Structure formats: C-alpha cells, structure tokens
Amino acid sequence: GTPSDISSLSPVSWWKLNAEDVFTYPNWIIRDSAGTNNGASSGMTSANLVQSNLQLGAGFSPYAFDLDGTSQYFNCGTQLGNALGSSVTNFTLSGWYTARSGASTEGIFGLGNGSAHNFSLVQENYASRRVYFGPLVSKTFIYDSRNQWANFVIVVSGDGSSPLTVKYYHDGVEIPTSSSAGTTPNSMNFSSNNAYIGNNYNLTSFYDGNVSNFSFFDISLTSSQVTELNNNQR
C-alpha cells in the first residue's frame, strides 16, 4: 500500500511497490519516490501486481507485488550504494512483507556487489530474521509473521570508532536480539553496491511472498520516528 507522505523523514530511496509503478514489457520499473534510485524487475510479468490484504487507511493503495521465490526480484542498481558512499555509520531500512508458512532461507533486502556479502536482511524461516554485516557478522531476531503483513524497521547507528549498534522493530515494537555472530564493523562501505529487493546480495535467495513500500534512510531514525513511519503506513 501507499502510505501518507513520509518525505519529512528524508529517505534516500522510497520504493512504494504499488500500482503507481509502470510495467513496460518485459520488466516492471519501480520508481524511487524520494530520488533517482529506480529499480527494475527480473522474471516478472504484469500478473505480479496483486491486491493486498494489508489493513489500509483512507487514501492507501490496495496493491503489492507477489514474488514466487524461484526467479523474481527487483534490482535497484548502484545509485543508492554510491549515494551512501563509504564510512557509513548511520542508516535505516524499512519495509512491509508477508511470510509463507513454508518459508525457508530467503533474501528480503540486500546491498552487495554480487560476490561480497555486505548488508542484508534474510528470512531464515517464517519466525527468524537475520541482519548481516558481511559474511560472518549477523544478528538474529525472532517473531512469527506467517501469512500476515509485517513491518520491519532496522536502525543502525555508530560513531565510526566503535562497533555499530542495531535495533530491529517489528510493527513498531523493538525486538531484542536473540543471538549474534561476530562483531559489527565500525562503519560500512556501500560504494558500487547493488540494492536488491526480494533477494540477497548474490541473487541466490529468492523471496517467496508479498512486498510493499520499502524505504532507506541515511540517518538513524529515533523511536518516535519509527512509530511515525509505522503508523503512516498502516
């Protein structure tokens, strides 16, 4: 669905993933409503735009994109990574999605160059989400979102001289970290990285479910801003 105007939060990219996007055979062109980081679909047709059962408020668009888990995803190019640059210490990723009951390891969002595992959000099963910072560093968050819409907001913050901190919000509520592997870096380098929706950095973990309204910020949103973001999209 399309939320109320979130431009006051100044996202770097805002992919609404709804009926405002354009199907130009053989691809969907996914517009970036905040900048120029437009994306293009892979392996999809006009049939992938579906009616959404996301609980909508007045003025919301009842559409989302349905991905099949085998060949379909969005490639949003390197514009976002280049805009963020290197030595990145503060950023936020948000989006809406559903999880099938039979969910396995699936990429929800990824930033990488196709071979290097940089930053990504991966669904390990319908109840486990893992945020990666490179191939060996990750944090896992547990909640059940089978066959229902869920909003995630990942807030990363740091000062450049100590390990990055991560907060994960599910439907506006902060979820504690259930487990960690490795130590987060002091900063991230996103230059020349591709941004993918519905897949991982290496295009081997296809997402199976509905996706809608992804946004990326070059700041660490406060808890009140996370609440505003969640409420505006519900």
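**Figure 1. Threonine 89 in this predicted model lies in a loop and is buried.** Its relative accessible area is 16%, so threonine 89 counts as buried, the limit being under 20%. The loop that holds threonine 89 runs between α1 (79-84) and β8 (91-97). A polar contact of 2.8 Å links the side chain of threonine 89 to the side chain of asparagine 90. Beyond the neighbours within four places in sequence, threonine 89 is in contact with Val156, Ser157, Gly158, Asp159, Gly160 and Leu164, and also with Asn186 and Ser187.

**Figure 2. Strand β8 is enclosed and covered on both faces.** Because 7 of the 7 residues of β8 are buried, the strand is largely enclosed by the rest of the structure. One side carries Phe91, Leu93, Gly95 and Tyr97, and the other carries Thr92, Ser94 and Trp96; all of these are buried. β8 pairs with two strands shown in this view. Strand β13 (residues 150-157) runs antiparallel to β8 and is joined to it by 7 bridges. Within that pairing, tryptophan 96 has asparagine 151 of β13 as its bridge partner. The pairing of β8 with β18 is also antiparallel, over 5 bridges. Here leucine 93 is matched with phenylalanine 216 of β18 as bridge partner.

**Figure 3. Serine 215 is a buried residue of strand β18.** The strand spans residues 208-217. With a relative accessible area of 0%, serine 215 is buried. Its C-alpha atom is separated by 6.1 Å from that of tryptophan 15, although the two residues are 200 residues apart along the chain. Leaving out neighbours within four places in sequence, the contacts of serine 215 include Ile6, Pro11, Ser13 and Trp14. Thr92, Leu93 and Ser94 are also in contact with serine 215, and Thr92, Leu93 and Ser94 are among the buried residues of β8.

**Figure 4. The largest nonpolar core has 43 residues.** The members that touch the most other members are Phe74, Phe109, Phe119, Phe133, Phe152, Ile154 and Tyr168. Strand β13 gives the most to this core, with 4 residues. Another core, of 10 residues, lies apart from the largest one and has Trp14, Val155, Tyr169 and Leu229 among its members. In soluble globular proteins, nonpolar side chains tend to be buried together. Isoleucine 154, beyond its neighbours within four places in sequence, is in contact with Phe91, Thr92 and Leu93. Further contacts of isoleucine 154 are Phe119, Leu121, Val131, Val166, Lys167 and Tyr168.

**Figure 5. Strand β12 pairs with β11 and with β16.** β12 covers residues 138-142 and is mostly covered, since 4 of its 5 residues are buried. Strand β11 (residues 128-133) runs antiparallel to β12, and 5 bridges join the two. Tyrosine 132 stands opposite serine 138 of β12. The hairpin of β11 and β12 has 4 residues between the strands, and in it glycine 134 takes a positive phi near 85°. Strand β16 (residues 179-181) pairs with β12 over 3 bridges, again in the antiparallel sense. In that pairing, the bridge partner of serine 138 is alanine 181 of β16. Serine 138 thus has tyrosine 132 opposite it in the pairing with β11 and alanine 181 as its partner in β16.

**Figure 6. Asparagine 199 is a buried loop residue.** The loop lies between β17 (194-197) and β18. Asparagine 199 counts as buried because its relative accessibility is 0%. A polar atom of the asparagine 199 side chain lies 3.1 Å from the backbone nitrogen of serine 205. Apart from neighbours within four places in sequence, asparagine 199 is in contact with Tyr73, Gly107, Ile108, Phe109 and Gly110, as well as with Thr204, Ser205 and Phe206. Among these contacts, Phe109 is also one of the residues that touch the most other members of the largest nonpolar core.

**Figure 7. The whole chain has 2 helices and 18 strands.** The C-alpha atoms fill a box of roughly 45 × 35 × 35 Å along the principal axes. A compact globule of 234 residues would have a radius of gyration near 17 Å, and the 16 Å of this chain agrees with that. Of the 234 residues, 52% count as buried. Among contacts between residues at least 6 apart in sequence, 67% join residues at least 24 apart. The accessible surface comes to about 9,000 Å², and 47% of it belongs to carbon and sulfur atoms.

Technical notes:
Residues are numbered from 1 along each chain as its sequence is written. This is a predicted model: local features need pLDDT of at least 70, side-chain atom pairs count only at pLDDT 80 or more; totals for chains, interfaces and linings use all residues. Side-chain values use heavy atoms; hydrogens and water are left out. Buried means under 20% relative accessible area, exposed over 50%, partly exposed in between (1.4 Å probe, protein chains only). Contact means heavy atoms within 4.5 Å. A polar contact is a pair of N or O atoms within 3.5 Å; within protein, one must be able to donate a hydrogen and the other to accept it, and residues adjacent in sequence count only if both atoms are side-chain atoms. A nonpolar core is a set of buried Ala, Val, Leu, Ile, Met, Phe, Trp, Tyr and Cys residues joined through side-chain atoms within 4.5 Å. The radius of gyration is taken over C-alpha atoms; the globule rule is 2.2 Å times the number of residues to the power 0.38. Accessible areas come from the Shrake-Rupley method with a 1.4 Å probe; for residues, only the protein chains shown count as cover.
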